[in-house]
Amino acid sequence: MPPLFLRFAPLLAAFALYTAHLAWLVAASLRETGGRLVFTIDDAYIHMAVARNFVENGVWGVTAESFTSAVSSIGWPLLLAFAYAVGGVGETAPLILNAFFALGVIVIADLIGRRMEAGAVFRFLLLSVLVLATPLAPIALLGMEHTFQIFTGLLLIAVVLPGGAKRPSRGALAAAAALTTLSRYEGLFLLAPLILLFLVRRRLADALVLGIAGIPSFHWRSTAP
C-alpha cells in the first residue's frame, strides 16, 4: 500500500465509522418520529429561534420584539443564521453543522496524533474511541453546539502545542482563543489554565493574547444591547 494511503487510512476509517454511526442513529430517530427530524432537548430550538430572528428581523432573541440573552453560545446561533441565510430556515442545519464539526474534530485529533508520531494502528484506535466514547454521533442529535465546542477546544490545543520547537504565531493563538469562547462560554475554563501556563513560563505576550482574544466574547452575553 502507498505510504500516503497509510498516512491517512486511520482518518478515513474514522470518517467511515462516524458517518455510519450517525446515519444509523438518524434513521432510527426518523422511524420513531414519523420521518421528522426532532432534536432531543429544547435548548436546540432556542438557538434556532435566535438564529431565525437574527436573520429575518435583525434581533438577537427568541422573539422578534427584543434582545434576549438566552443561549449558551455566541458562535452557534451565528453559524445557524449563516446557514439559514444561505439555504433557508429549516431543521436540518444543526445536524449538518454538527456532522461537519465532528469530522473536523476527527481531523484535528488525527493531526495531533501524527505530531506525536503515533503509529497508524494507535491513531485508528484513538480516533475510534473518540468517535464512540465521546460520543460524537449522538451529540449531533442534540442539535446543540457541543461538536463545535470540542472542535474549537482541540484546535486551541493543536495551536498551543505545535510540532517541533516552533512556537505558534500570536495571530493563530488569538483566533483559536476567540473561537474557543465563541463556541461556548465555558471555553474560558480552557483558556484559564493555558494563560496560567504561559505566565509560569514567562510567555507574558502569549498569555496576554489569549486573554484579550478570548475573554471579551465571554462577556458579550451581559454587555450586548
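Me: At roughly what angle do the axes of α4 and helix α7 (residues 146-160) cross, and within what distance do they come?

Reply: Axes here are lines fitted to C-alpha atoms, for helices over the stretch in contact, with angles from 0 to 180 degrees between N-to-C directions. Helices are DSSP runs of H or I, at least four residues, numbered from the N terminus. In this predicted model, the axes of α4 and α7 come within 8 Å and cross at roughly 25 degrees. Angles under 35 degrees count as roughly parallel, so α4 and α7 are roughly parallel to each other.

Me: Which residues of α4 and α7 make the contact?

Reply: Contact means heavy atoms within 4.5 Å. On α4, the residues include L97, F101, V105, I108 and I112, and on α7 they include F148, F151, L154 and L155. An α-helix has 3.6 residues a turn, so residues three or four places apart point the same way.

Me: Where does α4 run, and how many residues has it?

Reply: Helix α4 covers residues 93-115, so to speak 23 residues, and reaches 33 Å from its first C-alpha to its last. Just after α4, E117 takes a positive phi of about 60 degrees.Me: How do the axes of α4 and helix α5 (residues 120-133) cross?

Reply: They come within 10 Å and cross at roughly 150 degrees. V105 and A109 of α4 are among the residues in this contact, along with L127 and L130 of α5.

Me: What pLDDT does the chain average?

Reply: pLDDT is the predictor's confidence in each residue, from 0 to 100. The chain averages 89. Confidence is lowest in helix α10 (residues 204-223), at a mean of 74.

Me: What else should I know about the numbering and the values?

Reply: Residues are numbered from 1 along each chain as its sequence is written, and side-chain values use heavy atoms, leaving out hydrogens and water. Local features need pLDDT of at least 70 and side-chain atom pairs count only at 80 or more, while totals for chains, interfaces and linings use all residues.

How values were computed
Helix = DSSP H or I, 4+ residues; strand = E, 2+ residues; numbered from the N terminus. Expected span 1.5 Å × (residues − 1). Parallel < 35°, antiparallel > 145°, perpendicular 65-115°, else oblique.
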